[in-house]
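Dear colleague,

I am handing over the structure below, together with a summary of what was found in it. Please keep in mind while reading that the model is predicted.

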Amino acid sequence: MTTVLEQPTTTGAGTRLDQPMELRLFTVEEYDRMIEAGILGADERVELLEGRIIKMSPKGILHAAVNDHAGECFRKRLSNRVIVRIQNPIRLDTSEPEPDLVLAMPQEKRYFDHHPIPADILLVMEIADNSVSIDRNYKSRLSAAAGIIQYCIINLQTHELEDYRDPGPDGYRSKHTFRAEQTFSLVAFPETVIDVSELLPPA
């Protein structure tokens with residue numbers, strides 16, 4: 001798998017390379033084998049996005065606390081109807097991202113033998129501070145193209161929850177933004193109404 005890097009660059013001696021360069025992209029299978037072989041260590045915070053191995057931003061105190069609290073909220077509300085996964089991989093076509101939170105369908109093997117695939121995933125949620133642009137414009141597109149039915153962002157900058165639905169090949173066709181005093185529901189469980197304030201940090 002290759003892609004073309006169009007931007008000219010220079011060599012160490014300052015010689016300009018005007019010809020497009022091919023990047024060697026990795027498949028999900030190759031990426032998983034690198035992890036199993038120890039080439040990518042357990043302490044390396046990376047994820048595979050469209051064939052590229054990308055460094056993940058470190059998680060601050062607020063981000064970590066909101067992440068844990070959201071997981072507790074969904075476990076309390078949905079009990080054994082879902083498996084709540086925190087910062088664990090999901091498998092898309094050419095990507096293996098590690099969303100902050102995933103609601104996955106329960107299954108007998110509980111994902112001991114594979115990461116959740118789009119058909120297993122009921123919700124992807126990202127908690128965004130400095131990563132708002134990437135989560136909103138890039139990662140949401142990957143989830144939509146994969147057919148994941150609901151994608152949410154807890155926006156720590158604006159103290160809001162962004163709710164994306166109706167996935168398509170070019171992105172989600174529906175977006176609603178909710179503030180702390182409002183409620184929202186889940187596509188997979190429309191009868192479950194959640195106060196947005198339960199997911200946001202104190203004002």
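**Cores and sheet**

In this predicted model, the largest nonpolar core comprises 25 residues, and those with the most contacts inside it are F74, L103 and L199. Two or more residues of this core are given by each of the elements α2 (61-78), β8 (101-104), β9 (121-128) and β10 (150-155), and the largest share, five residues, comes from α2.

For L103, if its neighbours within four places in sequence are left aside, the residues in contact are F74, L78, V82, I83, V84, D120, I121, L122, L123 and L186. Apart from the largest core lies another one, of 18 residues, which includes I90, I121, A144 and Y172.

Turning to the sheet, six strands form an open arrangement in the order β7-β8-β9-β10-β11-β12, with mixed pairing. Because β7 (83-86) and β12 (171-178) stand at the edges and each has a single partner strand, one side of each is left without a neighbour in the sheet. From one strand to the next, the twist averages 20 degrees.

Within this sheet, β8 and β9 run antiparallel and are joined by four bridges, and A104 stands opposite I121 in β9. The helix α3 (residues 132-146) lies across β9, β10, β11 (160-168) and β12, and α3 runs at about 170 degrees to β10.

With best regards

Notes:
Residues numbered from 1 in each chain as written. Predicted model: local features only at pLDDT ≥ 70, side-chain atom pairs only at ≥ 80, totals over all residues. Heavy atoms only, no water. Core = buried A, V, L, I, M, F, W, Y, C linked by side-chain atoms within 4.5 Å. Buried < 20%, exposed > 50% of the residue type's maximum accessible area, 1.4 Å probe, protein only. Contact = heavy atoms within 4.5 Å. Pairing = 2+ DSSP bridges. Axes fitted to C-alpha atoms, helices over the stretch in contact; angles between N-to-C directions.
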